[in-house]
Amino acid sequence: MPTPAALAGKHAPLPLPFKPSALNGISERMIGSHWENNYGGAVKNLNKTELELAKIGADTPPFVVAALRDKELAFRNSKALHEAYFGNLGGDGKRSGAIDTALGEAYGTTARWEEHFRATALGLAGGSGWVMLGYELDTGALRTVGVGNHTQSLAVGVPLLVLDMYEHAYHIDYGAAAAKYVDAFFANANWDEANQRLARAQQATAAWRAAT
Ligand SMILES: [Fe+2]
């Protein structure tokens, strides 16, 4: 039985888009371990899961299919969210441009938005999950959400700024002091990248609306 192209199991990790020693308050040891073990592990497990899914046939027990589908979505989203997270680090933390303006319009002030984002992060402290500033492709709205189990996210949301709140993202450097890690995240946030993501998402929404 040929392996479907959609389940080829050949994903490879993307390199970090910055020098691992370059971050301010996030150690090379921690970001390196995060990239290699947690992100790298998700990519490897996604590949293995795809190859198992490729074997599904009419006689595969439904509970096996269901378990594989759960794992597939978790590993696929973990890969994507880690890539968005690493991709929006390595900056100088200075918010500017269209996203700054849009956040001010959506929340009254950008400080108010940051308050929401930080509160969402601390709601996940000691547990697991992601905080995502997302762009809804169908409405064009900015949404701040907590993402549980890698999977509970905006159905049509494009990640603009992503914060990993799994303990592996901060415990080596900060122990249980999650708020200090959130400070470090904002100090290293790459708002140029977030602005580029917003511009691409807005173009996609414009094309979507033009076609309907
Ligand atoms: Fe992670």
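In what order do the three strands form an open sheet? In this predicted model, the order is β2-β1-β3, and the pairing is antiparallel. The edge strands are β2, residues 142-147, and β3, residues 157-164, each of which pairs on one side only. Neighbouring strands of the sheet are turned by 25° against each other on average, with direction ignored. Strands of a sheet pair through backbone hydrogen bonds, and the pairing can be parallel or antiparallel.

Strand β1 covers residues 130-136 and is joined to β2 by six bridges. Within this pairing, Trp130 of β1 stands opposite Val147 in β2, and Tyr135 stands opposite Leu142 in β2. The two strands form a hairpin with five residues between them. Gly140 sits in the turn of that hairpin and has a positive phi of about 75°. Towards the other edge strand, β1 and β3 pair over seven bridges, again in the antiparallel sense. Tyr135 takes part here too, with Val158 as its bridge partner in β3. Tyr135 thus has a partner in β2, namely Leu142, and a partner in β3, namely Val158.

How enclosed is β1 by the rest of the structure? Seven of its seven residues are buried, so the strand is largely enclosed. Its side chains divide between two directions: Trp130, Met132, Gly134 and Glu136 point one way from β1, while Val131, Leu133 and Tyr135 point the other way. Residues of both groups are buried.

Helix α7, residues 191-210, lies across β1, β2 and β3. The helix runs at about 160° to β3. Helix α7 also meets helix α3, which spans residues 97-107. The axes of these two helices come within 7 Å and cross at roughly 75°. An angle from 65 to 115 degrees counts as roughly perpendicular, and α3 and α7 are therefore roughly perpendicular to each other. On the α3 side the contact is made by Gly97, Ala98, Ile99 and Leu103. On the α7 side the residues are Trp191, Ala194, Asn195 and Leu198.

The next feature is the metal site. Which residues are the protein donors of the iron ion? They are His34, His82 and His168, each through NE2, and Asp164 through OD. These donors lie 1.9 to 2.1 Å from the iron ion. The four donor atoms subtend angles of 88 to 135° around the ion. Four donors count as tetrahedral if all angles lie between 85 and 135 degrees, which is why the arrangement is tetrahedral.

In sequence, the donor residues are spaced H-x47-H-x81-D-x3-H. His34 and His168 are 134 residues apart, and the pair links distant parts of the chain. His34 lies in helix α1, residues 28-53, whereas His168 lies in the loop between β3 and α5, residues 171-174. Their exposure can be set side by side. His34 counts as buried because its relative accessibility is 1%, and the cut-off for buried is under 20%. His168 has a relative accessible area of 27% and is therefore partly exposed.

Some further residues show how separate stretches of the chain come into contact. Ala178 is found in helix α6, residues 178-188. With a relative accessible area of 4%, Ala178 is buried. Leaving aside neighbours within four places in sequence, Ala178 is in contact with Leu122, Ala125, Met165 and Tyr170. Of these, Leu122 is 56 residues away in sequence, yet the C-alpha atoms of Ala178 and Leu122 are 7.0 Å apart in space.

Glu114 belongs to helix α4, residues 110-124. Is this residue buried or exposed? Glu114 counts as buried, at 18% relative accessibility. Apart from neighbours within four places in sequence, Glu114 is in contact with Arg95 and Phe186.

Gly91 lies in the loop between α2, residues 62-87, and α3. This glycine counts as partly exposed, at 22% relative accessibility. With neighbours within four places in sequence left aside, Gly91 is in contact with Ala187, Asn188, Ala189 and Asn190. Gly91 and Ala189 are 98 residues apart in sequence, while their C-alpha atoms are 5.0 Å apart in space.

Conventions:
Residues are numbered from 1 along each chain as its sequence is written. This is a predicted model: local features need pLDDT of at least 70, side-chain atom pairs count only at pLDDT 80 or more; totals for chains, interfaces and linings use all residues. Side-chain values use heavy atoms; hydrogens and water are left out. Two strands pair if DSSP finds at least two bridges between them. Helices (H or I, at least four residues) and strands (E, at least two) are DSSP runs, numbered from the N terminus. Axes are lines fitted to C-alpha atoms, for helices over the stretch in contact, and angles run from 0 to 180 degrees between N-to-C directions. Contact means heavy atoms within 4.5 Å. Donors are N, O and S atoms within 2.8 Å of the metal (3.2 Å for Na, K and Ca); water is not among the atoms, so sites may look incomplete. Four donors count as tetrahedral if all angles lie between 85 and 135 degrees; four count as square planar and six as octahedral if opposite donors are over 155 degrees apart and all others between 65 and 115; anything else is irregular. Buried means under 20% relative accessible area, exposed over 50%, partly exposed in between (1.4 Å probe, protein chains only). Angles under 35 degrees count as roughly parallel, over 145 as roughly antiparallel, 65 to 115 as roughly perpendicular and the rest as oblique.
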